[in-house]
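Here are my notes on the model, point by point. Have it open while you read; I start with the empty space inside and then move on to helices, charges and backbone.

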Amino acid sequence: MGFAAATQLSRGDEPCLGGPELSGASDAADYIIQRCLTDAPHGRVGLEIEAHCFDPADPHRRPGWAEIGDVLRHVPELPGGSAVTVEPGGAVELSGPPLDGALAAIEAMTADQAVLRSTFADAGLGLVQLGADPLRPTGRVNPGERYAAMEQFFAASHTGSAGAAMMTATASVQVNLDAGARAGWADRVRLAHALGPTMVAIAANSPLLSGVFSGWCSTRQRVWSRLDSARCGPVLGLDGTDPATDWARYALKAPVMLVHTPEAIPVSRYVPFADWADGRIRLGGRRAGIEDLDYHLTTLFPPVRPRGWLEIRYLDSVGDTLWPALVFMLATLLDDPAAANSAAEAVEPVATAWDVAARVGLGDPRLHAAAGHCVRLAAERAPESLREGMQRLAAMVERGRCPADDVTQHAAEAGVPALVTRLARGQS
């Protein structure tokens, strides 16, 4: 499936019945390696932005599936071409098409957000861009078969609370970038990972979950870290010189989550996909097929996921005053060769500091130094229309603050319900 089509789809819930049988794990590895990255020039940017749906008149209430669906039926055609989907907990996601350059993608997404937000406001609802739901207990409203089975899988694997929070209480800004030329894949994928902790620290915007201060700047990142690292940890191998093979190895070691028979059935024991492909274990009464492998890949959630292009999944959802600058910054640091070389050197000391970044944000001196260097690189290259936002981001980083610091301050002063109500009404 091409970049253009797939960025407009939510996670699939359609039946998957195996398809042509795999001859073994080596066959599965070859299939993954041949398809996971596309050898082509880079430059296109696709965006996916999630926001929690709240009722500002009753912020403790979670709008239901039918209620959200009724609002979506009144959404007009979006000018930027985004698709709208609903996540398991009722968060609403805009998935934009890939466009040439970060600026075009940002402008299209901004236009679509304005229309979507207006439609929800007309229905008395608001969209709140935070990395985690700061007020309500976790709860699923999307009745999709896939999500019910995922709940059962997480419960069986003793990660039920983290799995429920991941599915129903987290939100992100996802940046999709072309893989680029094959000769540069290793450096590009390595840098996308190495930038992760620094970008997590800058974008951290989730100090609360379910009404409780977690002690982390990015509770969203903390939630992901509590899930199985074989499914949600970074992909890179020992040296990161062959990202396609790294991804194949990662995917084959990862445990199978769901099997379609045709309904989605959770796998309650730890079964690496390689064991199913090799026939050592039969699931759903059969060996694994190509469609099972395709579906398995959609149940893996590393911070950087290869899907022909690169899905960069580690940014918390943030408000409209900051996300365009963050998107431009990340795309620039990966797509501009000079900026990429300089950024790679700056973030090397903190390239694996995921938990530190999520816990203290820019309070860590090494992350603060890396962030300052990287934001300056992007600010120097920002077009006029993004200059104000980049200056705001640079000033925030210079002060050693992340968005979570402001959320914490406002919640402490006014209370969490008042904070949510204000944000749901579009007040900064």
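1. Ground rules for the voids. On a 1 Å grid over the protein atoms alone, a cavity is a set of points where a 1.4 Å probe fits but cannot get out, while a pocket is an open set with protein on both sides within 12 Å along at least five of seven lines; lining residues have an atom within 4 Å of a point. Grid points are joined across faces, edges and corners, and a volume is the space filled by probe spheres set on the points.

2. Caveats. This is a predicted model, with local features needing pLDDT of at least 70 and side-chain atom pairs counting only at pLDDT 80 or more, whereas totals for chains, interfaces and linings use all residues. Residues are numbered from 1 along each chain as its sequence is written, and side-chain values use heavy atoms, with hydrogens and water left out.

3. Second largest cavity. It holds about 50 Å³ of space. Its lining consists of Val-189, His-193, Val-235, Leu-236, Pro-243, Asp-246, Val-304, Pro-306 and Leu-310. At least two of these come from each of α7 (185-194), α11 (243-253) and β11 (304-306); helices (H or I, at least four residues) and strands (E, at least two) are DSSP runs, numbered from the N terminus. By type, the lining has seven nonpolar residues, one polar and one charged. Here Ala, Val, Leu, Ile, Met, Phe, Trp, Tyr, Cys and Pro count as nonpolar, Asp, Glu, Lys and Arg as charged, and the others, Gly among them, as polar.

4. Largest cavity. The count is three cavities of 30 Å³ or more, and the largest has a volume of about 80 Å³. Among its lining residues are Ile-49, Glu-50, Gln-113, Arg-117 and Gln-129. β1 (44-54), β3 (92-95) and α4 (102-122) each supply at least two lining residues. The split is six nonpolar, two polar and two charged.

5. Second largest pocket. This one offers about 700 Å³. It has 25 lining residues, with Gly-319, Asp-320, Thr-321, Leu-423 and Ser-428 nearest its centre. Which element gives the most to this lining? That is α19, with four residues. The lining divides into eleven nonpolar, eight polar and six charged residues.

6. A helix pair. The axes of α15 (residues 337-347) and α17 (residues 365-380) come within 9 Å and cross at roughly 170 degrees. Axes are lines fitted to C-alpha atoms, for helices over the stretch in contact, and angles run from 0 to 180 degrees between N-to-C directions. The two helices are therefore roughly antiparallel (over 145 degrees). Contact (heavy atoms within 4.5 Å) involves Ala-339, Ser-342, Ala-343, Ala-346 and Val-347 of α15, and Ala-370, His-373, Cys-374 and Leu-377 of α17. Seven of these residues are nonpolar, two polar and none charged.

7. Salt bridges. There are 25 of them, each a side-chain nitrogen of Lys or Arg within 4 Å of a carboxyl oxygen of Asp or Glu. One to look at joins Asp-39 and Arg-182 (3.8 Å, N to O). The partners are 143 residues apart: Asp-39 is in the loop between α2 (25-35) and β1, Arg-182 in the loop between β6 (172-178) and α7.

8. Backbone oddities. Most residues other than glycine have a negative phi, and most peptide bonds are trans. Thr-261 and Pro-262 are joined by a cis peptide bond, with omega about 10 degrees; Pro-262 sits in the loop between β9 (258-260) and β10 (264-266). His-158, not a glycine, has a positive phi of about 60 degrees, and lies in the loop between α5 (145-156) and α6 (160-169).

Conventions: Angles under 35 degrees count as roughly parallel, over 145 as roughly antiparallel, 65 to 115 as roughly perpendicular and the rest as oblique.
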